[in-house]
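This report is meant for a reader meeting the structure for the first time. Please look over the sequence and the model before reading on.

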Amino acid sequence: MPDYDFDIGILGGGAAGLTVASGAAQLGAKALLVEKEKELGGDCLHFGCVPSKTLIRTAHVYHLMKKAKDFGLPEIAVPPVDFKEVTARIRSVISAIQKHDSEERFCSLGARVESGDPVFIEDHSIRLNGDTYSAKNWVISTGSSPRIPPVEGLDKTPFITNKEIFSLEHLPSSMIILGAGPIATEMAQAFSRLGSKVSVVQRSDQILSREDKDLADEVMEVLSSEGVEFYLNSTIIRSSDHDGKREVLIKDGDGTEISLKAEKILVALGRNPNIAGLGLEHIGVEFDKKGVKVDNRLRTNIKHIYAAGDVTGAYQFTHAAGYEAGIVISNAIFHLPRKVDYTFLPWCTYTDPELASIGMNEKAATDAGIKYVVWTEAFKDNDRSLSEGEKIGKIKMVLDKDEKPIGIQILGPRAGELLNEWVAVLNGKVKLSSLASAVHPYPTLGEINKRVAGTY
């Protein structure tokens, strides 16, 4: 039997890689964790979930300060934002969380941590900083990076992505955002609330294209009312730079050319898997432009090499990466044939109001050819929502022809937190009658879950 340096080697110190390394090491496996960046934590900690939610909270508080009169408080003149103070707060939050994702902590758990750019030299071994490391199993969890579109002139026009937006030296007076997915939409609202003039350019006829159009349109209406300008059904023709002022020329759905000018351009048009330079093509691991190809046990076509997280191109959420890491541990360490099941995978877009989903929405059910019915309840009929000044949004419960819930969508205050009850209900196969008869504290936003089940 071959003698390997490690039981398992992990490439990438993001959510998936850290979870595999921690779990494997604590179970007694000899684990190697390789990260190309100076610090562990991955995109989520440094350029994604953590800084974005910190910025969103800051923008929300600033927005509330300007709306003090709506809550019966004295109207106040709110001074402009000092973005250096905002970025300082973002860095402090990252630093606090970084302690849990430090090299010292993972070494204390029993894992070995190395930094650098690994390259597979054969299917059990990598070359790293001039040394060779072998492992019985490997996990590719190298994450993803912003996709840069082939727009004429963009290579000569300074722009930013999620990697730069949280460390700007000052608040941009204006910003053009290319794309209208979750990152783009969250940043559009946050920067608009902080004082930037924001324009969003989207190729399709709605923002948040994965979501049901009625809910996405409600989010867009809120952002529009706060000053964000949207250009839907628009094609990006070219970009240019004029003495520090960026210009993007677009063509709208009617064929009219429109020139947009701003201080900053934020590119948020999807993600590319981080697979370049790993040498996957040399050892025969199959991949395409979306990511590394895996089966339902997260094995590549080379069965002792696994992939998890953004690099697979499947579900690019931190919680999905953590879940997939557990699947890898079951298969690679325990040798238990556990398969992924994304039926009730939740996700949330952290605009205000939030838009949270689990399971199938109407769009997904229609695409799958499933006959369904929808039950709804509005937040304007929820007493706690009204007391907090929240009147926008609703919950949608999607039932199949057998009247079993196949999905929930919530647009409203703290929707991501409200969805957690449905995570338990759907994954635990709890009957709707049980939810409807369960006592919920009054007055709470969570009563809307009980009410939609009770109405059904």
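## Two helices at an angle

In this predicted model, helices α12 and α14 are oblique to each other. The axes of α12, which covers residues 415–427, and α14, which covers residues 447–455, come within 9 Å and cross at roughly 50 degrees; this crossing angle is neither under 35 degrees nor in the range from 65 to 115, and therefore falls in the oblique class. Two packed helices are described in just this way, by the angle between their axes and the distance between the axes.

The residues that meet at this crossing are Leu 418, Glu 421 and Trp 422 on the side of α12, and Ile 448, Asn 449 and Val 452 on the side of α14. Sorted by class, the contact of α12 with α14 has four nonpolar residues, one polar residue and one charged residue.

## The chain as a whole

Helices and strands both occur in the chain, with 14 of the former and 21 of the latter. The C-alpha atoms fill a box of roughly 70 × 65 × 45 Å when the box is taken along the principal axes. For a chain of 456 residues, a compact globule would have a radius of gyration near 23 Å, and the 24 Å found for this chain agrees with that value.

Of the 456 residues, 51% count as buried, while the accessible surface of the chain comes to about 21,300 Å², with 52% of that surface belonging to carbon and sulfur atoms. Among the contacts between residues at least 6 apart in sequence, 61% join residues that are at least 24 apart.

## Buried residues in helices α3 and α9

Ser 52 is found in helix α3, which spans residues 49–66. Its relative accessibility is 7%, and Ser 52 therefore counts as buried, the cut-off for that class being under 20%. When residues up to four places away in sequence are not counted, Ser 52 touches Phe 166, Glu 186 and Met 187.

Helix α9, residues 318–332, holds Ile 327, which has 0% relative accessibility and so counts as buried. Leaving out residues up to four places away in sequence, Ile 327 touches Arg 297, Leu 298, Arg 338, Lys 339 and Val 340. Of these partners, Leu 298 is 29 residues apart from Ile 327 along the chain, and the C-alpha atoms of the two are separated by 7.4 Å. Ser 330 also has its place in helix α9, and at 11% relative accessibility Ser 330 counts as buried. Apart from neighbours within four places in sequence, Ser 330 is in contact with His 335, Leu 336 and Arg 338, and its C-alpha atom is separated by 9.3 Å from that of Arg 297, a residue 33 places apart along the chain.

## A residue in an early loop

Leu 27 lies in the loop between α1, residues 15–26, and β2, residues 31–35. With 45% relative accessibility, Leu 27 counts as partly exposed. Not counting residues up to four places away in sequence, Leu 27 touches Ile 329, Ile 333 and Phe 334. The C-alpha atoms of Leu 27 and Gly 110 are separated by 9.5 Å, although the two residues are 83 apart along the chain.

## Backbone features in the loops

Most residues other than glycine have a negative phi, and most peptide bonds are trans. What, then, is the phi of His 335? The angle is near 60 degrees, a positive value in a residue other than glycine. His 335 is found in the loop between α9 and β17, and at 52% relative accessibility His 335 counts as exposed. Glu 403 likewise has a positive phi, near 65 degrees, and is a residue other than glycine; its place is in the loop between β20, residues 394–400, and β21, residues 405–412. Glu 403 has a relative accessible area of 46% and is partly exposed.

Cis peptide bonds also appear in the model. One of them joins Asp 352 and Pro 353, with omega about 5 degrees, and Pro 353 is found in the loop between β17, residues 346–349, and β18, residues 354–359. The peptide bond from Tyr 442 to Pro 443 is cis as well, with omega near -5 degrees, and Pro 443 lies in the loop between α13, residues 432–437, and α14.

How values were computed:
Residues numbered from 1 in each chain as written. Predicted model: local features only at pLDDT ≥ 70, side-chain atom pairs only at ≥ 80, totals over all residues. Heavy atoms only, no water. Axes fitted to C-alpha atoms, helices over the stretch in contact; angles between N-to-C directions. Helix = DSSP H or I, 4+ residues; strand = E, 2+ residues; numbered from the N terminus. Parallel < 35°, antiparallel > 145°, perpendicular 65-115°, else oblique. Contact = heavy atoms within 4.5 Å. Nonpolar A, V, L, I, M, F, W, Y, C, P; charged D, E, K, R; others polar. Rg over C-alpha atoms; globule rule 2.2 N^0.38 Å. Buried < 20%, exposed > 50% of the residue type's maximum accessible area, 1.4 Å probe, protein only. Areas by Shrake-Rupley, 256 points an atom, 1.4 Å probe, with all protein chains shown as cover.
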